[in-house]
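Visitor: I should be grateful for a close look at a single part of this model, followed by its setting in the chain as a whole.

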Amino acid sequence: MNETETSRILMVDDNPEIREVVNILLSGEGYEVEEAADGLQALDKLSQGSFDLIILDVMMPNLGGYQTCMEIRKISNAPVLFLSARSQVEDKTLGFSSGGDDYLPKPFSYQELLSRVKALMRRYQVYQGKEQGQQELDNMEKEQKAQSVIAFSGIEIQEHQERVLQNGVELDLTDLEFAILCLLGKNRGQIFSAQHLYESVWQEPYYYGAANTVMVHIRNLRKKIEEDPKNPKLIKNVWGKGYRCE
């Protein structure tokens, strides 16, 4: 049985644009998607019917994502996929400890979201006895793991394990350096302004002087990954625009 034939997904996010985009993406794959604007609405919908997957934002009014997940676990075993702009290790730890099954930092690619959804859905259906074939589940998990590895120019970013290898040697990066490299590496060729980088990685409003903060961390990152940090070949400055990963 194809999992999309009867699978219902609850999308919970206070941003209507994100809900709409995710709804369109998953509906296009054949899933039945319902939306909730916050945790209280999500719990109300769960009290009225069951879902096969819950996609849950972390920062929401009325009832935050972690608290909502703990309440969900009192009434449902459906997998919970957290979507959050907060991507530090402690944030992920909170997500898993509150009962979440997976954690996808924003910004994310639609292909990566779809991969996570399919993997969680398949695991849940096997657990529920709706499908047989553990080998198929293993293949899905291998595919998900492969898609979480970003490789270019001797650099290998293992996103799930939060590790970076360069020519097979593990690099010692800070959380912020890892987040910067991951964002640039996943979007190679795209120019990121200092403001875009700061707001995406630091998760704070841009302010006067933040460009210097970004510059310092880029400089420190280059010292660890570039053969010649003063003449970078991996992370380049685009004059007047920002930074780009080659």
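Visitor: Where is S98 found?

Guide: S98 is found in the loop that joins helix 4 (89–97) to strand 5 (102–105); helices (H or I, at least four residues) and strands (E, at least two) are DSSP runs, numbered from the N terminus. Residues are numbered from 1 along each chain as its sequence is written, and side-chain values use heavy atoms, with hydrogens and water left out. The model is predicted: local features need pLDDT of at least 70 and side-chain atom pairs count only at pLDDT 80 or more, while totals for chains, interfaces and linings use all residues.

With a relative accessibility of 6%, S98 counts as buried. Here buried means under 20% relative accessible area, exposed over 50%, and partly exposed in between (1.4 Å probe, protein chains only). Once its neighbours within four places in sequence are left aside, S98 is in contact (heavy atoms within 4.5 Å) with Y66, C69, M70, R73 and F82. One of these partners, C69, is itself buried, at a relative accessible area of 0%. Another cysteine, C182, is buried at 7%. If a disulfide is a pair of cysteine sulfur atoms within 2.5 Å, the count comes to 0.

C182 belongs to helix 7, where E177, F178, A179, I180, L181, L183, L184 and G185 are buried as well. Because 9 of the 12 residues of helix 7 are buried, this helix is largely enclosed by the rest of the structure.

The largest nonpolar core, a set of buried Ala, Val, Leu, Ile, Met, Phe, Trp, Tyr and Cys residues joined through side-chain atoms within 4.5 Å, has 28 residues, and I157 and L181 have the most contacts inside it. Two or more of its residues come from each of strand 6 (149–152), strand 7 (155–158), helix 7, helix 8 (194–201), helix 9 (210–225) and strand 11 (242–245). Helix 7 gives the most, with 7 residues. Beyond its neighbours within four places in sequence, L181 is in contact with F152, I155, I157, V164, L173, L221, I225 and I235. Apart from this core lies another, of 20 residues, including V12, L43, F51 and V58.

As for the whole, the chain has 9 helices and 11 strands. Buried residues make up 48% of its 246 residues. Of the contacts between residues at least 6 apart in sequence, 54% join residues at least 24 apart.
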